[in-house]
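User: I'd like to learn how to read a protein model, one feature at a time. Could you walk me through this one?

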Amino acid sequence: IALINKSEVLLSGSVKDIKKKFAKNTFEVEFNGNMIAFANALWAGFELVEKHMIDNNHHKCTVKLLNNNTVNNLLQALIPAVEIKGLHEVVPTMNEIFIETVQGATGNTKIPSLTE
């Protein structure tokens, strides 16, 4: 695939490789348990980016790995504090990659999406 803006190829390669290059080292964690216990478990080495309460005890949070921490480090920190129901990497869409790439190339803050 090639991402082109105003007749200029901004990046090219396989979709898999491009998405890997633009990954932000963030993961969505779904869990049952106390939100405060979850946040305390993240204290060193992780950033709580976003949180959503599904119901009283069920949450979905986006977490960014910091300081060369791995997914295994994240799980080791969380398992004693909450019941993990699911975990997956947040992978950017090609539209998000296009917008980020064009903004970086032009310095513009308003960029049309791929669907416009």
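User: Let's start inside. Which residues of the largest nonpolar core touch the most other members?

Analyst: Keep in mind as we go that this is a predicted model. For a core, look for buried nonpolar residues whose side chains touch one another. Here the largest such core has 14 residues, and V29, F31, F38, L42, V63, L74 and L78 touch the most other members. Strand 3, helix 2 (35–41), strand 5 and helix 3 each give two or more residues to this core. There is also another core lying apart from it, with eight residues, among them L3, I18, F22 and M94.

User: Can we zoom in on one member? What does L42 touch, leaving out residues up to four places away in sequence?

Analyst: Skipping those sequence neighbours, L42 touches L48, V63, L74 and L78.

User: Now let's step back. How many helices and strands does the protein chain have, and in what order do they run?

Analyst: The chain comes to four helices and six strands. Going from the N terminus, the pattern reads β-β-α-β-α-β-β-α-β-α. Of the 116 residues in the chain, 29% are buried. If you take contacts between residues at least 6 apart in sequence, 59% of them join residues at least 24 apart.

User: How do I read the sheet? What is the order of its four strands?

Analyst: Follow which strand pairs with which, then look for the ends. In this open sheet the order is 4-5-3-6, and the pairing is antiparallel. Strand 4 and strand 6 (83–89) each have a single partner strand, so they stand at the edges with one side lacking a neighbour in the sheet. From one strand to the next, the twist averages 25 degrees. When you trace any regular strand, remember that side chains alternate between the two faces of the sheet.

User: How many bridges join strand 4 to strand 5?

Analyst: Seven bridges join strand 4 (residues 46–53) to strand 5 (residues 58–65), and the two run antiparallel. They form a hairpin, with four residues between them. To see one rung of that ladder, find M53, whose bridge partner in strand 5 is H59. Strand 5 also pairs with strand 3, again in the antiparallel sense and over seven bridges. One rung there links T26 to K64 in strand 5.

User: Which strands does helix 3 lie across?

Analyst: Helix 3 (residues 71–78) lies across strand 3, strand 4, strand 5 and strand 6. Its direction is at about 160 degrees to strand 6.

User: Next, charges. How many salt bridges does the structure hold?

Analyst: The general idea is that side chains of opposite charge can pair when their charged atoms come close. This structure holds two salt bridges. One is between E100 and K24, with the closest N and O atoms 2.9 Å apart. That pair links distant parts of the chain, 76 residues apart: E100 sits in helix 4 (residues 94–106), while K24 sits in the loop between helix 1 (15–22) and strand 3 (26–32). The other joins the side chains of E83 and K85, at 3.5 Å from N to O.

User: Are E100 and K24 buried, exposed or in between?

Analyst: Residues count as partly exposed when they fall between 20% and 50% relative accessible area. E100 has 36%, so it is partly exposed, and K24 is partly exposed too, at 38%. In the second pair, E83 comes to 44% and is partly exposed, and K85, at 48%, is partly exposed as well.

User: What does V15 contact beyond its neighbours within four places in sequence?

Analyst: Beyond those neighbours, V15 is in contact with I1 and M94. V15 belongs to helix 1. V15 and I1 are 14 residues apart along the chain, yet their C-alpha atoms are separated by 6.4 Å.

User: Last one: what is notable about the phi angle of K6?

Analyst: Look at the sign of the angle and at the residue type. Phi of K6 is near 50 degrees, a positive value in a residue other than glycine. K6 lies in the loop between strand 1 (2–5) and strand 2 (8–12), and K6 is exposed, with a relative accessible area of 72%. N67 also has a positive phi, near 55 degrees. You'll find N67 in the loop between strand 5 and helix 3, where N67 is exposed at 65%.

Technical notes:
Residues are numbered from 1 along each chain as its sequence is written. This is a predicted model: local features need pLDDT of at least 70, side-chain atom pairs count only at pLDDT 80 or more; totals for chains, interfaces and linings use all residues. Side-chain values use heavy atoms; hydrogens and water are left out. A salt bridge is a side-chain nitrogen of Lys or Arg within 4 Å of a carboxyl oxygen of Asp or Glu. Buried means under 20% relative accessible area, exposed over 50%, partly exposed in between (1.4 Å probe, protein chains only). Two strands pair if DSSP finds at least two bridges between them. Contact means heavy atoms within 4.5 Å. Axes are lines fitted to C-alpha atoms, for helices over the stretch in contact, and angles run from 0 to 180 degrees between N-to-C directions. A nonpolar core is a set of buried Ala, Val, Leu, Ile, Met, Phe, Trp, Tyr and Cys residues joined through side-chain atoms within 4.5 Å.
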